[in-house]
Amino acid sequence: MHVTHLSLADFRSYARAEVSLDPGVTAFVGANGQGKTNLVEAVGYLATLGSHRVSSDAPLVRMGAERAVIRAAVTQGERSQLVELELNPGKANRARINRSSQVRPRDVLGIVRTVLFAPEDLALVKGDPGERRRFLDELVTARSPRMAGVRSDYERVLKQRNTLLKSAAMARRHGGRSLDLSTLDVWDQHLAGVGAELLAQRLDLIGTLQPLADKAYGDVAPGGGPVALDYRSSVGGEAGPARTREELYAQLIEAMAGVRKQEIERGVTLVGPHRDDLVLSLRGMPAKGYASHGESWSYALALRLASYELLRGEGNEPVLVLDDVFAELDARRRERLAELVAPAEQVLVTAAVDDDVPGTLAGTRYAVSAGEVERV
């Protein structure tokens with residue numbers, strides 16, 4: 001799969017941009033702040049419905065504009081599709097496929113697939129659990145786009161349940177009458193239902209990703225491993241082998257019942273996938289806190305390379321995006337990473353100067369300056 005054309009309107013710094021893309025390597029080169037990352041960010045948004053740089057859509061719309069449009073032509077084998085997203089901060093986003101009548105934004109998931117390498121990836125190893133949960137859930141959704149609906153349902157049910165718990169906590173603190181919590185059992189069942197589905201997908205993913213990540217770490221940093229991926233669940237510590245959805249559902253129901261008193265006191269849901277973590281280990285020690293800066297970078301790269309191999313092995317090779325990564329690496333890791341990604345069907349690279357792009361990644365070059373993109 002590769003993107004053949006990218007069109008932007010009022011996205012970030014671009015009033016308009018039209019960029020033709022070829023298979024193989026395309027590098028966008030320009031000084032910081034000129035708009036090169038905005039281009040690959042747009043491609044990534046089509047794949048995930050989110051940005052790797054900001055948590056909301058508002059910064060993605062050019063200052064003074066009401067909305068932004070991202071449009072891309074995508075080819076997979078003999079099939080070509082045109083996918084379009086209209087970003088409307090504060091309102092519902094809109095989507096179209098092949099210029100047809102509007103579809104839900106999440107219906108475009110799976111048309112474009114990307115694996116992104118970026119300086120922000122260091123947070124996968126050194127950051128909070130939320131960074132690693134996001135990594136898992138985006139990869140789960142890339143494997144199975146229907147999981148976007150499951151994730152959305154989980155967030156909706158969690159919000160409703162937290163609202164009920166918060167109301168109960170406030171009533172108790174202010175000495176008022178206790179609220180009727182009979183509906184809490186219903187929300188428990190809803191949360192456990194969608195939570196079990198999300199947990200099952202995460203556990204299956206980790207089981208598949210583990211050997212790929214270990215191999216990828218050895219490729220990036222020979223002799224530096226091994227690495228291990230473990231799932232730390234709020235319903236029972238370190239998760240063992242993948243369990244059935246029915247078992248996970250029962251465990252979630254039991255866990256919520258066990259902490260109900262604390263939840264009512266604190267006004268928040270204390271167990272569920274939103275409280276879990278992916279534990280990364282290096283040579284038997286937690287990577288967070290023990291791994292050096294170079295080892296942490298190698299681990300983050302290994303997770304992304306493993307993600308790429310996983311998606312490629314399941315029949316839809318993703319676009320590899322390397323956003324300002326090479327400037328962060330020493331010469332050995334830079335060359336090794338370039339060798340590993342060069343065979344991919346499509347690689348999009350951003351760099352401040354030409355020298356930051358390894359010679360192994362010869363291909364198309366675009367110069368980016370002040371929002372202008374020119375092929376050189």
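Two strands pair if DSSP finds at least two bridges between them. With that in mind, a good place to enter this predicted model is strand S13, which spans residues 346-351.

S13 has a parallel partner in strand S12 (residues 319-323), and 4 bridges join the two. Within this pairing, Leu-320 stands opposite Val-347 of S13. Between S12 and S13 the chain passes through helix H10 (residues 331-341), and the resulting β-α-β crossover is right-handed. Strand S3 (residues 24-29) also runs parallel to S13, joined to it by 6 bridges. Here Thr-26 has Leu-348 as its bridge partner in S13.

How many of the 6 residues of S13 are buried? The count is 6 of the 6, so the strand is largely enclosed by the rest of the structure. Its side chains can be followed in two sets: Gln-346, Leu-348 and Thr-350 point one way, while Val-347, Val-349 and Ala-351 point the other way.

Residues of S13 also lead into the nonpolar cores. Val-349 is among the residues with the most contacts inside the largest core, which has 80 residues, and Phe-117, Leu-229, Tyr-299, Leu-320, Leu-322 and Leu-337 are listed with it. Helix H5 (residues 182-220) supplies the largest share of this core, 17 residues. Leu-348, by contrast, belongs to a second, separate core of 38 residues, which also includes Leu-85, Val-108 and Val-112.

Phe-117 offers a closer look at the largest core. Leaving aside residues up to four places away in sequence, Phe-117 touches Leu-320, Val-321, Leu-322 and Asp-323, along with Leu-301, Arg-304, Leu-305, Val-325 and Leu-337.

Note on methods
Residues are numbered from 1 along each chain as its sequence is written. This is a predicted model: local features need pLDDT of at least 70, side-chain atom pairs count only at pLDDT 80 or more; totals for chains, interfaces and linings use all residues. Side-chain values use heavy atoms; hydrogens and water are left out. A nonpolar core is a set of buried Ala, Val, Leu, Ile, Met, Phe, Trp, Tyr and Cys residues joined through side-chain atoms within 4.5 Å. Buried means under 20% relative accessible area, exposed over 50%, partly exposed in between (1.4 Å probe, protein chains only). Contact means heavy atoms within 4.5 Å. A crossover is right-handed if, with the strands pointing away from the viewer, the path from the first strand over the helix to the second runs clockwise.
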